[in-house]
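Good morning, and thank you for the opportunity to present. I would ask you to keep the sequence and the structure in view while I speak.

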Amino acid sequence: VVYDTQNDKFIVFYIGSSNYIYARVGTISGTSTSWSSETTIKNVGCANVRAVYTTGGVTYIQYTYSSKTRCMAVSYNGSSFTVGTEVELENYVDEYHECNYDATNGIVVSGVRASYSGSLEYTLLSISGTTVTKGSSNSFSIGYRFRERILGGYKDGKMPLLFSTESNNGL
C-alpha cells in the first residue's frame, strides 16, 4: 500500500488471479473507503511485490518472476495507470527483497540478496516519469542465512537496514 500525495489516494499493489500484479485505488472520505476496479499492472506470473511511492504520482514497484528480481515505475494520474519499462535488478529470485525512497536525493534504494551468496546488494535507482535507471550498486556480506530485511527511513545521508538471520537453532 502506498499513499499517493499528488492525487490524495491510496494505491494497493498485489498479486491476484494467475499471479498477475494488480492495483486498486482507494479514496477515503470521513470514515469510509471506496475502491476502484482492479487494474492489471503486469500480466505474467509474479510474486513478492513491494511498492514505495516516490513523487509526482509515481510509484516504484519491485517483484520477482522468471527466476529474477525486477522493478518498474507506475504512474497514476487520478484516473488511469501508466506502466513503465521493466528493469532487472538481480538474476535471482529473492523473496525478501526490499526497497525504500530517499526523498532528499530523489532516489530509490533497493536491497536484494546477490544470487546464492551471503551478500546483500543495494542499488540506487533514479526515476524520470515512468523510466527507472539503475545506478550504482554495492554489496556487503551478511552471512548466507539472512532472511527478512527492512530498509528504514532516510535521515542525514543514511538509511538503516534491519535484517534477521537463521541459525541451526532457528531464527
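I shall begin with the chain as a whole and then turn to the strands at its start.

Please note that what you see is a predicted model. What does the secondary structure of the protein chain come to? It comes to 16 strands and zero helices. The protein chain has 171 residues, and 42% of them count as buried. As for its surface, the protein chain exposes about 8700 Å², with 45% of that area supplied by carbon and sulfur atoms. Let us also consider contacts between residues at least 6 apart in sequence: 40% of these join residues at least 24 apart.

We now come to the beginning of the chain. Strand β1 covers residues 2–4, and strand β2 covers residues 9–15. In which sense do β1 and β2 pair, parallel or antiparallel? They pair in the antiparallel sense, over three bridges. Within this pairing, D4 has K9 in β2 as its bridge partner. The two strands form a hairpin, with four residues between them. In the turn, D8 has a positive phi of about 50 degrees.

Strand β2 also pairs with strand β3, which covers residues 21–29. Here six bridges join the strands, and they run antiparallel. One position to find is V12, which stands opposite R24 in β3. β2 and β3 likewise make a hairpin, this one with five residues between the strands. In this hairpin, S18 takes a positive phi near 60 degrees.

To close, I would ask you to trace β2 once more: bridges connect this strand to β1 and also to β3. Thank you for your attention.

Notes. Residues numbered from 1 in each chain as written. Predicted model: local features only at pLDDT ≥ 70, side-chain atom pairs only at ≥ 80, totals over all residues. Heavy atoms only, no water. Buried < 20%, exposed > 50% of the residue type's maximum accessible area, 1.4 Å probe, protein only. Contact = heavy atoms within 4.5 Å. Areas by Shrake-Rupley, 256 points an atom, 1.4 Å probe, with all protein chains shown as cover. Pairing = 2+ DSSP bridges.
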